[in-house]
Amino acid sequence: MKRLKTFQKRKILVLALIVAGTLTFLMGRLAWLMLARSEFYSEKAQDLHERERSIKAARGEILDRNGVVLAANQSVCTVSVIHSQIEDGEAVIRVLAKELELPEETVRKRVEKISSIERIRSNVPKETGDRILGYDLAGVKVDVDYKRYYPYDELASRVLGFTGGDNQGILGLEVMYEEWLAGTEGKILTMTDASGVEIAETGERRQEPENGDNLVTSLDYNIQCYAQQAAERVLEEKQAEAVSVILMDPRSGEILAMVNVPEYNLNEPFTLQQEAASEEEEQELLNQMWRNRCVSDTYEPGSTFKIITTAAALEQGVVSTDDRFYCPGYKIVEDRRIRCHKTAGHGAETFTEGIMNSCNPVFIELGLRLGAHNFCKYFEQFGLMSATNIDLPGEASTIMHAEEKIGQVELATIAFGQSFQITPIQLITTVSSLINGGTRVTPHFGLRTEDENGNVTEEFSYGQEEGIVSARTSETLRELLEKVVSEGTGQKGAVEGFSIGGKTATSQTLPRSEKKYISSFLGFAPAEDPQVIGLVVIYDPQGVYYGGTIAAPVMQEIFADVLPYLGLEKEEIPEESTEEENPGGQ
């Protein structure tokens, strides 16, 4: 009996110790949770009962070099509903369908959907949002948002690009500089009870948005307007398919204007000018409308490429300005008879006269003197086989023969700008490097970003490569190209009072049987110290299509406005008699 009592006492003692240990553990755990982990679980509880709505950040503006706003923002609203807070569903459906001009069934589906928050429509005009707020409907939320707005509609459309419904960049500078323009969204946080209804007494917590930085570009609004007006005029007069213009500072690579007419309305980027038969065709037409020919399309440059052939020949020492040639109107290369644009021939001429005349046989001879290996070497040295790295999306690459596949005929045609393809931006960048003393520049638009107060947040820098050609070759090239404009095939690109260098071109598109042409003119000023370089490309003009006849006057018109605008002073140039231009093959 005594032993039994002792056993029971021990059993009770063990049980008491277990209970005491358990209570001690639970009290310790509770103390740890309350003291050490209180903040963590408080946040958990808050998250569970907190509803989040975003506050849109204002997208940074895009400005020209003088502060003219090219892309701005308009205040709009986003209308949403919170299902658990709606008191009169039919009234909500009726009002939103009316004010947002949406089918009642569409609104009903969204209003009756059980979710924490359901967006009904974004990009709602602010006046409409204010009217909806005036109804004071429980469960309806109207939040301030921003919509991209382009003050000048079509101006520089393929450069600026546009944004989507979420205000995120899709094309052009809008997408390339998204990181700086976008900003960071804020939040509106409200407390709810277990059923999801907001607790009025707790109010709202706000995390303010950080607006995007403004992008200052090298574009000049006035120069862009000058170029676009001239391009639109020749587009209409020649019933051309398209016209592209680039104006750039050859010393830095800063692009002052880039035109691709017909442009499209940036405020209505999905509106086509023609009907599409299917969704696939519609998308294809949109892609064509948005495409930047200056950057994304390659073409045979024709005689403007003779500038590059000349630079290579001078560097290699296979020609001098006084070398003599003879042009009978053609040159036979292997089994091919390759004609000059002047079928009667230019006769005896120096190299200087050959480039002034844009004589194909002279440049065929230069190509043969250079040889395939050296030609390919200079393609690489001048940067033609590398991307320009312009700060726009979709840059196309040069299409060129492999060295081992360049025979005598290919060599001959390459020398005067046929049988390979480059982009307009590649051509103007390469020529800039050849006439600026020999420094390969990077073409670009972005200069810097600034905050709302005008403080610089980032300066952009771009690579350069010196020694593309010697200073002597560059100087000789400038002198030769000045003679092309003052005395040769480019006389219609001359501007009174200014020394202009340049080169005309007329090339044929593939397939040759379609008889479609591209007319172009590349010019720079002042010829002795280039501060601006321009390229005009006219695609498939009707009627007369020679570059010297229709493209050179476009650049003349642009330069007549731009050169005084840039502060370049006129020079007194003695008048010289000029011969009537023979534009063929230019």
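Is Leu 26 buried, exposed or partly exposed? In this predicted model, Leu 26 counts as partly exposed, because its relative accessible area is 48%.

## A nonpolar patch on helix α1

Leu 26 sits in helix α1, which covers residues 2-35. Leu 26 also belongs to a nonpolar surface patch. The other members are Leu 15, Val 19, Leu 23, Phe 25 and Met 27. Together, the six residues have about 640 Å² of accessible area.

## A negative patch

Charge marks another part of the surface. Asp 153, Glu 154, Glu 232 and Glu 268 form a negative patch there.

Where is Glu 268 found? Glu 268 is in the loop between β10 (255-261) and α10 (279-290). Its relative accessibility is 44%, so Glu 268 counts as partly exposed.

## The hairpin of β15 and β16

Strand β15 spans residues 446-450, and strand β16 spans residues 456-459. The two strands run antiparallel. Three bridges join them. One pairing involves Glu 450, whose bridge partner in β16 is Val 456.

Five residues lie between the strands of this hairpin. Gly 454 takes a positive phi there, near 85 degrees.

## A buried valine in α15

Val 409 lies in helix α15, residues 408-415. Is Val 409 buried or exposed? Val 409 is buried, because its relative accessible area is 11%, and buried means under 20%.

Val 409 and Arg 336 are 73 residues apart in sequence. In space, their C-alpha atoms are 7.4 Å apart.

Notes:
Residues numbered from 1 in each chain as written. Predicted model: local features only at pLDDT ≥ 70, side-chain atom pairs only at ≥ 80, totals over all residues. Heavy atoms only, no water. Patch = residues over 30% accessible without salt bridge, like charges linked within 9 Å, V, L, I, M, F, W, Y side chains within 5 Å. Areas by Shrake-Rupley, 256 points an atom, 1.4 Å probe, with all protein chains shown as cover. Salt bridge = Lys/Arg side-chain N within 4 Å of Asp/Glu carboxyl O. Lys, Arg positive; Asp, Glu negative; His and termini not counted. Charge placed at Lys NZ, Arg CZ, Asp CG, Glu CD. Helix = DSSP H or I, 4+ residues; strand = E, 2+ residues; numbered from the N terminus. Buried < 20%, exposed > 50% of the residue type's maximum accessible area, 1.4 Å probe, protein only. Pairing = 2+ DSSP bridges.
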